[in-house]
Each structure stands twice: as C-alpha cells, then as structure tokens.
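Student: I'd like to learn how to read a ligand site and a buried polar residue. Could you walk me through an example?

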Amino acid sequence: MTTSNHRFSDAERRGLYRAIHERRDVRSQFLPDRIPPDVLARLLEAAHHAPSVGFMQPWDFIVIERRSVREAVLAMFEQENQKAAERFEGERQAHYRSLKLQGIMESPLNLCITCDRSRGGPHVLGRNSMVDTDLFSTCLAVQNLWLAARVEGIGVGWVSILDQEQLSKALNLPDHVYPLAYLCLGYVSEFLDQPELEAKGWRSRLPLSELVHGDQWGQPLASGL
Ligand SMILES: Cc1cc2c(cc1C)N(C[C@H](O)[C@H](O)[C@H](O)COP(=O)(O)O)c1[nH]c(=O)[nH]c(=O)c1N2
C-alpha cells in the first residue's frame, strides 16, 4: 500500500469532529485574559483559508481595539434587542429578555469580519447566477475561525442583533463592504456541552432524520441513513 496524506489519522479525525461538536457560541463565560498576537494570527490564517467563490477571498478582518467603538456597538445592540424582544409576547418575551445575547464588553477582543462585494472585479467565476455566494464564502471564513478558536480554548460569540447601517458607520466601512459578522472572542471559563439556547429551554436540536430527504422534498431516503 502506498502512503499518502489523503486520509487523516484516527486521532486527527477525532480532533476535528470534537471541535465541530464542542464548538459553542459564547456570550457569558469570557475570561479577561488577552489573546496573544500569535494565537490571533493563527485564527485569522484559518479564516483566510476558507473556500470562496472564484477564489474571491472577499473578507477583511476589523480588529476592534478602542473601548469607545465597543460601547457604541453595545448601544446599538441594546436598541435592536429591545425591538427584537417586542416581537414576542407574554412569557416568551420574558424568556427572551432573560437571555444573554452578547459579550461585547466582557470579551477581551471584538472582531468584525466583512465581505467586500466588489473584490475580484465585476465578473467573479461562479458568482454570475448566485450573487450572494460572496456572503456565503465569508460565512465559511467565520466558521473556520470559530472552529480554530475552539481548539485554542477560545470562545466566539456572534452578535447579529445590530443595525447593519449603524455598524457600517461606526466602523467607517465603504458602501461596497458588508459587515457580515460581529464577533466577541476570548478564553472562557467553560464551554457548555449544549447550545446555551438549548440549555435555557429556548429551542432544541432537531432530529437529523427529519432533515434528510430523498430526491424529492419530504420523501424518505430510499437507502436509509
Ligand atoms: C448568523 C448567526 C447569528 C447569530 C448567531 C449564530 C449565527 C450562525 N448566534 C449564535 C446562535 O444562537 C448559536 O449558534 C445557536 O444557538 C447554536 O448554539 P452553538 O453555536 O452550537 O453553541 C447568536 N447568539 C447570540 O447570543 N446573539 C446573536 O446575535 C447571535 N447571532
């Protein structure tokens, strides 16, 4: 048998699946310890190695250093979160209001991953029909960073309860750059063993068997799973 690198060792495979299953969205368990620059560089390299449509690499990474910027983003969150809470009624609204949905000030690092919708010029290979593939690509960069952070013992929390225009203004983004993900990062006291929304009774994981279809919507998979 020829040796090749196309298959990972058992330990490496277990490591990858562990990172996938034990990655969490973190907002409550941040420690104040600073993330060393070499560790941050590894996370950003991981993000930068995500797949992208036409190899467009539409992402930029805005490292938020000033406290005043975070305070402005927190104020935006409070405003949007108030509106979001009003979408629910009665007990559900009280439950929503009890959830902690951001760690903007407690986390030692805030990072905005943006999508430059003009990168690569007007004709990007693979983006002619599905124009939002640049946004999808940027989401993959976020996920790469999220998984890499998990193996470094760093938690990541995604805050999307923000007005996109206000956020763009606070970060001085040009019009063609979309603020795709506002992230809070830091070492954590623990990673919960299930999503915080599940632990708090907001919503549970759906059974995979209900989400896998045969070649027509709603049809069971002939071969089973
Ligand atoms: C695009 C997007 C946007 C958000 C999130 C995620 C994603 C993918 N999540 C985190 C989300 O609630 C979480 O991923 C799920 O509850 C599942 O939990 P785990 O990520 O598995 O821990 C999230 N969480 C939060 O507290 N505030 C938020 O604004 C958001 N926004």
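Tutor: Happy to! Keep in mind that this is a predicted model. A good start is to ask where the molecule is placed: here the ligand sits in the largest pocket.

Student: Which residues surround the ligand?

Tutor: The shell consists of Arg23, Arg24, Asp25, Arg27, Leu101, Trp158, Val159, Ser160, Ile161, Pro195 and Leu197. Sorted by class, that gives six nonpolar, one polar and four charged residues.

Student: Which atom of Arg24 lies 2.8 Å from an oxygen atom of the ligand?

Tutor: For polar contacts, look for pairs of N or O atoms within 3.5 Å. In Arg24, a polar side-chain atom is the partner, 2.8 Å from a ligand oxygen. With Ser160 the backbone takes part: one of its N or O atoms lies 2.8 Å from an oxygen of the ligand. Trp158 also uses a polar backbone atom, 3.3 Å from a nitrogen atom of the ligand. As for cover, the ligand taken alone exposes 620 Å², and the protein buries 73% of that.

Student: Now the polar residue. Why does Asn110 count as buried?

Tutor: Buried means under 20% relative accessible area. Asn110 counts as buried because its relative accessibility is 0%. You can find Asn110 in strand β2, which covers residues 109-116.

Student: Which side chains make polar contacts with the side chain of Asn110?

Tutor: One is the side chain of Ser107, joined to that of Asn110 by a polar contact of 3.1 Å. The side chain of Tyr182 is another, with a polar contact of 2.7 Å.

Terms used. Residues numbered from 1 in each chain as written. Predicted model: local features only at pLDDT ≥ 70, side-chain atom pairs only at ≥ 80, totals over all residues. Heavy atoms only, no water. Near = heavy atom within 4 Å. Polar contact = N/O pair within 3.5 Å; in protein donor to acceptor, adjacent residues only side chain to side chain. Areas by Shrake-Rupley, 256 points an atom, 1.4 Å probe, with all protein chains shown as cover. 1 Å grid on protein atoms, 1.4 Å probe; cavity = no way out; pocket = protein on both sides within 12 Å on 5 of 7 lines; lining within 4 Å. Sits in = over half its atoms within 2 Å of the grid points. Nonpolar A, V, L, I, M, F, W, Y, C, P; charged D, E, K, R; others polar. Helix = DSSP H or I, 4+ residues; strand = E, 2+ residues; numbered from the N terminus. Buried < 20%, exposed > 50% of the residue type's maximum accessible area, 1.4 Å probe, protein only.
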